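I set out to record what I looked up in this model, entry by entry. The notes are kept brief and in the order in which I worked.

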Amino acid sequence: MKKVLWTATLSLCSTLAVAQEGSPLWLRYPTISPDGKEVAFTYGGDIYKVSVAGGAATRLTTHKAYDNHPIWSPDGRQIAFTSDRNNAGTNIYIMPATGGVARQLTTHSSTETPYTFTRDGKQVVFKAHYQDPHTSARFPMSPLTEVYAVPVEGGRPMRLVDTPAEEIIFSADGKRFMYQNIKGFEDEWRKKHVSSVTKDILEYDMTTGKHRFIVEHDGEDRDPVYSPDGKKVYFISQRNGGDLNVYEKEIDADPKTAKALTHFKDEPVRFLSMSDGGVLCFSYAGEIYTLVPGSTPQKLSVSIHSDIETSQMTYQTFTKGFSEATVSPDGKQIAFAVRGDIFVTATDYNTTKRITNTPQAESSPTFSSDGRTLVFASDKDGRWDLYKVTIADKSESNFPNATILKEERLIKDNKEEKMHPVFSPDGKEIAFVLGRTRLAVYNLKSGAIRTITEPKDQHGLTGYMDFEWSPDSKWFVISYVARDHAPYSDIGIVSAEGGKPIHNITNTGYFDTNPRWALDGNAIIFASERFGMRNHASWGSQSDVMAIFLNRKAYDEYRMNEEEYELYSAQNKKAEKPEEKKDDKKKTGKKKTEEVKSKDIVIEWDNIEDRIVRLTPNASELGDAIITKDGKTLYYMVSFEDGYDLWSHDLRKRSTKLIKKLNQGFARLRMDKDGKHIFILSNSPQKMTVQGEALKPITYRAEWSTDLTKEREYLYSVVKLEEGLRFYEESMHGVDWEALTKRYAKYLPHISNNYDFAELLSELLGELNVSHTGSRYRAPGALKRTAELGLFISTPKGNKDGLVIDEIISGGPFDKAINKVQPGDMIVAIDGTDIKAGMDYFPLLNGKIGQPIALTIRSAKGGQLFTQSLKGISSGAQEDLLYKRWVKQRAAEVDKLSNGRLGYVHIPSMGDPSFRTMYSEVMGRYYDREGIVIDIRYNGGGRLHEDIEVFFTGKKYLQQSIRGKDYCEMPSRRWNHASIMVTCEADYSNAHGTPWVYQKMKIGKIVGMPVPGTMTSVNWVTLQDPSLLFGIPAVGYRTEEGYYLENIQVEPDVKVSLDHDKLLRGEDTQMEAAVRTLLGDIKAGLWKSF
């Protein structure tokens, strides 16, 4: 292991080269000690501390886990921090400030983040989501955390306040604390946005239980600290279009009086803290600074003896999880990509050969007709190009057993990007995507390239096109967006000659996708939602396998039943027999060739649309499909329950059966050239012999290794390239993307883990001031997750033994006929372990999801003891139950406030299930109400703005009647009466677009808080390391006036915030205002019926 000495100098390092020479950057989460003498910080996933005078940093943790977010105890003797050690999730630990053994303080499997100690040093204060009080009307979801305190000796965390709060800091007397609020779920590292969701600073009085605003404006205000005398607040803020900097103001003064203390540019100031003596500490550009208010910031000169390796080799064996697999024509080899490299395995043995070995990505392998050459795409030279690899030794028959491989660039004189190669069936040409927007063909003999489609036929810049060669190598079938009607797609046929138009053979407004040639090129099968249950959110509908027959002969043969086809086949054989004998005489004495040329495909364009048929008997969540060579059987993958299973449909008998329950993720079905085997290319691939339908697992061992340092450099370049090419607006909000990515690249040598890497990418992407971006690291969670009981529980008054049951959650484990537990009863033991006062009981529930749990209960009536058993549920399952409870409470509140005149619906997401629930409630339960309250608070988006607009803009035009008795008003499937919409700062994406449309179309009024401008559509890109992903806002929504909705906030007609005090008592001030406003509008005659 090579150790590196990093030393911070007094000059900023602005390039990667300088950074590599020795500046320890990416020093994060610094916090100054109470006496102002030392600074603790995070670097490389460990906790360090250093003198404020600078010098060599002392490493305090050496665990292989990721340690982060250190905070000092008031006496400076202890440091608390977070760690994901012990496979227990992210918990809080505490250790001596001089280093030593770290003790675990929290044990729940959720994520806890510490912010401060109580002033007496006896407790660590942190945020987490365990449970709101049962009286609270707060929306139940994990990002809306509570504030807890846990004793430094360990024990049961106690809730201080249920208000979502971060960066908590106590006043000197410990009676108040300031915090930054949590209003929504925008990426933590986004910069320069001005909207309702940005952080504000508040103060909570622990004596009165009241909250008050200290700093409030439409930009970011974060990381508050009290001045030593408590008269001022110091904080980080972004104002007047500048970067995040340190500000100060008198604590009771107008927020507009805030004064900047620092004036850094280009990158944000982060992580503000203050010593008892008034010395501020923060980070900027990956380094640590101190500041005495009124003076100049001082950079700490820090040196670190780090064991971050200049290379981080990792080794892994993959036996499942491949992607982009393809089968050789003879069915004996499968080429696939895994973690960015190409491998080939034998289908009958587990012999596996690694074909490529680079930190960059190789993908889309395709076999030549003889199986001895592979062509694939790679961006190892900085742009996507095509490469050819061939078995060098002619005596070696396949790739898995080959010893020497020859690799070369396929096309040497064309600099455009080339992706997704596919060999033609005759082996003479390769089709590929050129410049991300055109289908093109490369002739292997002449070296000529010809384009098949035009950029106008390709929407989006991912580079992916769904196409397939015809068996005679003369045509392509493609799925494409016709007439600019994205995202819906049609199926087209286009000549492989180039320069020819696409023949649209479906012409629908539905999703027609996944086209494949069948019946030796006489038909094309594809997936279509036209007969299925259509998804209101514009995707995810149930689909069928459809077929379009390219000529009347094939169509007529398909329509025959089993008996008719048997007679027809016999007649054909009889008619062909003399001709065959004649041909046989001609062939006498000639050597039999191995290759049989495919017959030219006959396409009869006239009335082709009349030869489209539905093959599957019912629509479903459809995967891939394939028809056997003899045309008798359709095999397809369907998900009716969990994963995808293999089904078949006899095209003669019209009978359907389940072949085998596979419970797979999405799988591709491929066939060898003889049609004898079908390959299920999924997470666990299988090979099926068509005759007998026997399945056999395909096993492989892909031995993989890479240098993670080099891979991260590559992944950074991927983010740079893809974000730059695919961002919805070409100017990228005015950002100099090239300069920006170059500046942030200087941190790469100091990144040794995916936590830091995702944070680095988020800081970079946060400079774009756009929604739907940032990076995420899918960190391994706790192995033993904490089970929930389906109860609201609390600590008894006086901190006595046991746990009080405040409420039984409807639909939970205790909501059963045999249950004897009642609210007010007390849990005295879990699985035989007594619950003592102050005891942390979470370890008793860890790992118990789905497992029996025995609770010893003391009845509130009579005090008798009894045991009640249940199975623990996950936090997600309990959150679903709490959501249903919250909706019922809001509906009851609206019913009560309106005296039964108004109905209520909540739309949790802009997806199909939400629409169907809303429709059911409005057109069922509330059909006779005068108006509807549409609540979209805490909605994360989807695509329902069109459906909601249509549904709530009904205008009554007829009344059905029978002998004078009203029967039904028309339209009968739209809401023809009054409505009002309730919004909040957390509404996101399409939950911004929906109220914009609602307001634009003057459907009704909006009540609540402004909705941040986040209406873009995102491509979430999973990187080569599948634990990492990042967002590209790829589609913008432009108004007729010419501006995009992104960053255009929707202002409510009636602005009302939630009252924290009333919320805790179960009162929803926004709902009260909505009911009052809508009833007022109805009374004023603003809503009139037919």
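The entries below concern the annotated positions, a helix, the nonpolar cores and a group of strands.

**Entry 1. Annotated positions**

I noted at the outset that this is a predicted model. I then asked which residues the UniProt annotation "active site" covers. The record, an unreviewed entry, gives His772, Ser989 and Glu1046. I checked their spacing: they are spread over 275 residues of sequence, yet they cluster in space, with a largest C-alpha distance of 10.3 Å.

**Entry 2. His772**

I located His772 in the loop between helix 6 and strand 58 (775-777). Is His772 buried or exposed? I classed His772 as buried because its relative accessibility is 6%, and the cut-off for buried is under 20%. Leaving aside neighbours within four places in sequence, I listed the contacts of His772; among them are Glu186, Tyr988, Ser989, Thr1014, Thr1016 and Trp1020. I also found a polar contact of 2.8 Å between the side chains of His772 and Ser771.

**Entry 3. Ser989**

I found Ser989 in the loop between strand 69 and helix 10. Its relative accessible area is 8%, so I entered Ser989 as buried. With neighbours within four places in sequence left aside, Ser989 is in contact with His772, Gly940, Gly941, Thr1014, Met1015 and Thr1016. Thr1014 and Thr1016 therefore appear in the contact list of His772 as well as in that of Ser989.

**Entry 4. Helix 10**

I next examined helix 10 (residues 990-1000) and asked how many of its 11 residues are buried. The count is nine, and the helix is mostly covered. The buried residues are Asn990, Ala991, His992, Gly993, Thr994, Pro995, Trp996, Val997 and Tyr998. I then asked which elements these buried residues pack against. They are strand 66 (931-935), helix 9 (945-951), strand 69 (978-983) and strand 70 (1005-1008). After helix 10 comes Lys1002, for which I noted a positive phi, near 55°.

**Entry 5. Nonpolar cores**

I turned to the largest nonpolar core, which holds 60 residues. The members that touch the most others are Leu272, Leu280, Phe282, Tyr716, Phe757, Leu760 and Leu1023. Helix 6 (residues 754-766) gives the most to this core, namely six residues. I also noted a second, separate core of 53 residues, which includes Ile907, Phe951, Ala991 and Val1056. Ala991 is also one of the buried residues of helix 10.

I returned to Tyr716 for its contacts, not counting residues up to four places away in sequence. Tyr716 touches Leu740, Thr741, Tyr744, Ala745, Leu748, Phe757, Leu761 and Leu764.

**Entry 6. Strand 31 and its partners**

I looked up strand 31 (residues 341-346) and found six of its six residues buried. In a regular strand the side chains alternate between the two faces of the sheet. I therefore sorted the residues by side: Asp341, Phe343 and Thr345 lie on one, with Ile342, Val344 and Ala346 on the other, and both faces are covered.

Strand 30 (residues 333-338) pairs with strand 31 in the antiparallel sense over six bridges, and Gln333 stands opposite Ala346. The two strands form a hairpin with two residues between them, and Arg339 in the turn has a positive phi of about 50°.

Strand 32 (residues 352-354) also runs antiparallel to strand 31, joined by three bridges. Here Phe343 stands opposite Arg354, and five residues separate the strands of this hairpin.

Note on methods:
Residues numbered from 1 in each chain as written. Predicted model: local features only at pLDDT ≥ 70, side-chain atom pairs only at ≥ 80, totals over all residues. Heavy atoms only, no water. Core = buried A, V, L, I, M, F, W, Y, C linked by side-chain atoms within 4.5 Å. Buried < 20%, exposed > 50% of the residue type's maximum accessible area, 1.4 Å probe, protein only. Helix = DSSP H or I, 4+ residues; strand = E, 2+ residues; numbered from the N terminus. Contact = heavy atoms within 4.5 Å. UniProt positions renumbered as here; feature names shortened; annotations may be inferred. Polar contact = N/O pair within 3.5 Å; in protein donor to acceptor, adjacent residues only side chain to side chain. Pairing = 2+ DSSP bridges.
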